Amino acid sequence: GGIRCERFSALLSQLKADDPSFETEGEYMVRGGIERYMKTFPQGGYWKGKNFLFDKRQEQIPEKKPSEELEKEVESYCCKCKEP
């Protein structure tokens with residue numbers, strides 16, 4: 001998975017450890033990963049924003065999602081270069 005998957009699963013684990021009353025409606029793994037999900041849903045499906053990757057691709061984004069819509073969904077920025 002990308003950084004969002006790893007950070008999110010770590011955050012959920014920490015929240016549950018810190019507060020036993022913390023509950024979710026469920027966590028799910030996407031079969032085949034995010035890349036397969038984006039190929040299945042080129043408009044993005046339920047996906048929001050970008051997924052940073054640690055390889056030459058650098059990010060995953062839905063292929064057919066309009067860039068204006070995608071930019072509105074980005075909620076975080078690189079702490080070094082300030083890019084979304």
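**Contacts, pocket and salt bridges in the predicted model**

Apart from neighbours within four places in sequence, Q60 is in contact with I34, E35, M38, K50, N51 and L53. The structure is a predicted model. Q60 belongs to strand 2, which covers residues 59-60. The relative accessible area of Q60 is 10%, so this residue counts as buried, the cut-off being under 20%.

The protein chain has 84 residues, of which 20% count as buried. Its secondary structure amounts to 3 helices and 2 strands, and the order of these elements from the N terminus is α-α-β-β-α. The C-alpha trace spans about 40 × 30 × 25 Å along its principal axes. Among contacts with a separation of 6 or more, 28% are made by residues 24 or more positions apart.

Helix 2 comprises residues 33-40, and I34, Y37 and M38 are buried in this helix. When helix 2 is viewed down its axis, the buried residues fall within an arc of 95 degrees, so they line one face of the helix. An α-helix has 3.6 residues a turn, so residues three or four places apart point the same way. Two of the buried residues of helix 2, I34 and M38, are also among the contacts of Q60.

E35 and K39 are likewise placed in helix 2, 4 residues apart, which is about one turn of the helix. Their side chains form a salt bridge, with an N to O distance of 3.6 Å. Side chains of opposite charge can pair when their charged atoms come close. E35 has a relative accessible area of 37% and is partly exposed. For K39 the value is 62%, so this residue is classed as exposed, the cut-off being over 50%. E35 is also one of the residues in contact with Q60.

E35 and K39 recur in the lining of the second largest pocket, which is formed by E35, M38, K39, P42, R57, E59, Q60, I61, P62 and E63. The volume of this pocket is about 180 Å³. Helix 2 and strand 2 each contribute at least two residues to the lining. Helix 2 provides the largest share, 3 residues. By residue class, the lining of the second largest pocket consists of 4 nonpolar, 1 polar and 5 charged residues. Q60, buried at 10% relative accessible area, is one of the lining residues.

The count of salt bridges in the model comes to 5. Besides the pair in helix 2, E73 forms a salt bridge with K48, in which the closest N and O atoms are 4.0 Å apart. This pair links distant parts of the chain, since E73 is in helix 3 (residues 67-73) and K48 is in the loop between helix 2 and strand 1 (51-52), with the two positions 25 residues apart in sequence numbering. The relative accessibility of E73 is 14%, so E73 counts as buried. K48 is partly exposed, at a relative accessibility of 46%.

A further salt bridge joins the side chains of E73 and K65, at 2.9 Å from N to O. Both E73 and K65 are buried. Through salt bridges that share partners, K48, K65 and E73 are joined into one network.

Two further positions were examined with respect to accessibility and spacing. L11 is located in helix 1, which covers residues 3-18. L11 is partly exposed, with a relative accessibility of 45%. From L11 to M29 the separation is 18 residues in sequence and 15 Å in space, C-alpha to C-alpha. S67 is located in helix 3. With a relative accessibility of 45%, S67 counts as partly exposed. The C-alpha atoms of S67 and N51 are 14 Å apart, and the two residues are separated by 16 residues along the chain. N51 is also among the residues in contact with Q60.

Definitions and conventions. Residues numbered from 1 in each chain as written. Predicted model: local features only at pLDDT ≥ 70, side-chain atom pairs only at ≥ 80, totals over all residues. Heavy atoms only, no water. Buried < 20%, exposed > 50% of the residue type's maximum accessible area, 1.4 Å probe, protein only. Contact = heavy atoms within 4.5 Å. Arc of directions from axis to C-beta. 1 Å grid on protein atoms, 1.4 Å probe; cavity = no way out; pocket = protein on both sides within 12 Å on 5 of 7 lines; lining within 4 Å. Points joined across faces, edges and corners; volume = space filled by probe spheres on them. Nonpolar A, V, L, I, M, F, W, Y, C, P; charged D, E, K, R; others polar.
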